[in-house]
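Student: Pick one spot in this model and give me a close look at it, please. Then work outward, so I can see what that spot sits between and what the rest is doing around it.

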Amino acid sequence: MKKTRDYGTAWRILRPESITDQIFIKAQRIRTLEEKKVAKINEDITGEYIGIVNYCIIAMMQLDIKPETPFELEAGHVERLFDEKANETKELMFAKNHDYGEAWRDMRISSLTDLILMKLLRVKQIEDNKGQTLASEGVKANYQDMLNYAVFALIKLGVK
């Protein structure tokens, strides 16, 4: 919300594929840092996971916003949409945690990164197929899973 107040809703110009690529850039940087163990710029992976969370929510908001909606949205409206998508995804996380017995707690952070990258490749394929799937969940479900994997990683990193 701070960036929305600083920049407005400039993210509205992004097509769904561009948002997916922004998430990919962040996830790929995390994986590179996990493998190389050295960063040449002073930004840790925590910020990248937070970026994944935010871009996933932006992607879900963009999916619901009609094409005729103006690019510039009032900050209060954006905050309501953001909270709606975050809460909806949080409820999904609680349901899946129940069914999977919180298996993520025993996973490595690097595995969570790999799962995000796998989901990104799925979303890219769905986007390349113009949203058509035969048996798969759509892009929204994949954004929700990526968001939740990023939250799990942040929890494992000790972020409150």
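Tutor: Let's start at K130, which is exposed because its relative accessible area is 72% and the cut-off for that label is over 50%. This is a predicted model, so let me say early how confident the predictor is: mean pLDDT for the chain is 93, and 100% of the residues reach 70 or more. K130 sits in the loop between α5 and α6. Its backbone is worth a look too, with phi near 60 degrees, a positive value in a residue other than glycine. As background, most residues other than glycine have a negative phi.

Now compare another loop residue, E102, which is found between α4 and α5. Here phi is near 50 degrees, again positive in a non-glycine residue. E102 is partly exposed, because its relative accessible area is 31% and that label covers the range from 20% to 50%. So you have a positive phi at E102, in the α4–α5 loop, and another at K130, in the α5–α6 loop.

Go forward from the K130 loop and you run into α6 (139–156). This helix has 18 residues and covers 26 Å between its first and last C-alpha, close to the 26 Å expected at 1.5 Å a residue. Most of α6 is covered, with 14 of the 18 residues buried. In general, an α-helix has 3.6 residues a turn, so residues three or four places apart point the same way. Confidence in the chain is highest in α6, at a mean of 97, and lowest in α1, at 87. Just past the end of α6, G158 has a positive phi of about 90 degrees.

What does α6 take part in? For one thing, the second largest pocket, which holds about 270 Å³ of space. Its lining has 14 residues, and the ones nearest the centre are K96, Y100, W104, Y149 and F152. Three elements give two or more residues each to that lining: α4, α5 (109–128) and α6. By class, the lining splits into nine nonpolar, two polar and three charged residues.

For another, α6 contributes to the largest nonpolar core. That core has 38 residues, and I23, Y49, I52, M61, I116, Y143 and M146 are the members that touch the most others. The elements giving two or more residues to this core are α2, α3, α4, α5 and α6. The largest share, 11 residues, comes from α3. As a general point, nonpolar side chains in soluble globular proteins tend to be buried together.

That share leads us to the largest pocket, since α3 (45–64) turns up in its lining along with α1 (2–7) and α4 (75–100), each with at least two residues. Again α3 gives the largest share, this time seven residues. The volume is about 610 Å³. There are 20 lining residues, with K3, T4, N54, Y55 and I58 nearest the centre. By class they come out as 12 nonpolar, five polar and three charged.

Moving back toward the start of the chain, look at I13, in the loop between α1 and α2 (16–36). I13 is exposed, because its relative accessibility is 57% and anything over 50% earns that label. It also pairs up in space with a residue well along the sequence: I13 and F71 are 58 residues apart in the chain, yet their C-alpha atoms are 6.8 Å apart.

Set that against I30, which belongs to helix α2. I30 is buried, because its relative accessibility is 0% and the limit is under 20%. Its C-alpha is 25 Å from that of A10, with their positions 20 residues apart in the sequence. R29 is also in α2, and R29 counts as buried because its relative accessibility is 17%, below the 20% cut-off. R29 and C56 are 27 residues apart in sequence, with their C-alpha atoms 16 Å apart.

To come back to your spot: K130 is the exposed residue in the loop that joins α5 to α6, and both of those helices give residues to the lining of the second largest pocket and to the largest nonpolar core.

Definitions and conventions
Residues numbered from 1 in each chain as written. Predicted model: local features only at pLDDT ≥ 70, side-chain atom pairs only at ≥ 80, totals over all residues. Heavy atoms only, no water. 1 Å grid on protein atoms, 1.4 Å probe; cavity = no way out; pocket = protein on both sides within 12 Å on 5 of 7 lines; lining within 4 Å. Points joined across faces, edges and corners; volume = space filled by probe spheres on them. Helix = DSSP H or I, 4+ residues; strand = E, 2+ residues; numbered from the N terminus. Nonpolar A, V, L, I, M, F, W, Y, C, P; charged D, E, K, R; others polar. Expected span 1.5 Å × (residues − 1). Buried < 20%, exposed > 50% of the residue type's maximum accessible area, 1.4 Å probe, protein only. pLDDT = per-residue confidence, 0-100. Core = buried A, V, L, I, M, F, W, Y, C linked by side-chain atoms within 4.5 Å.
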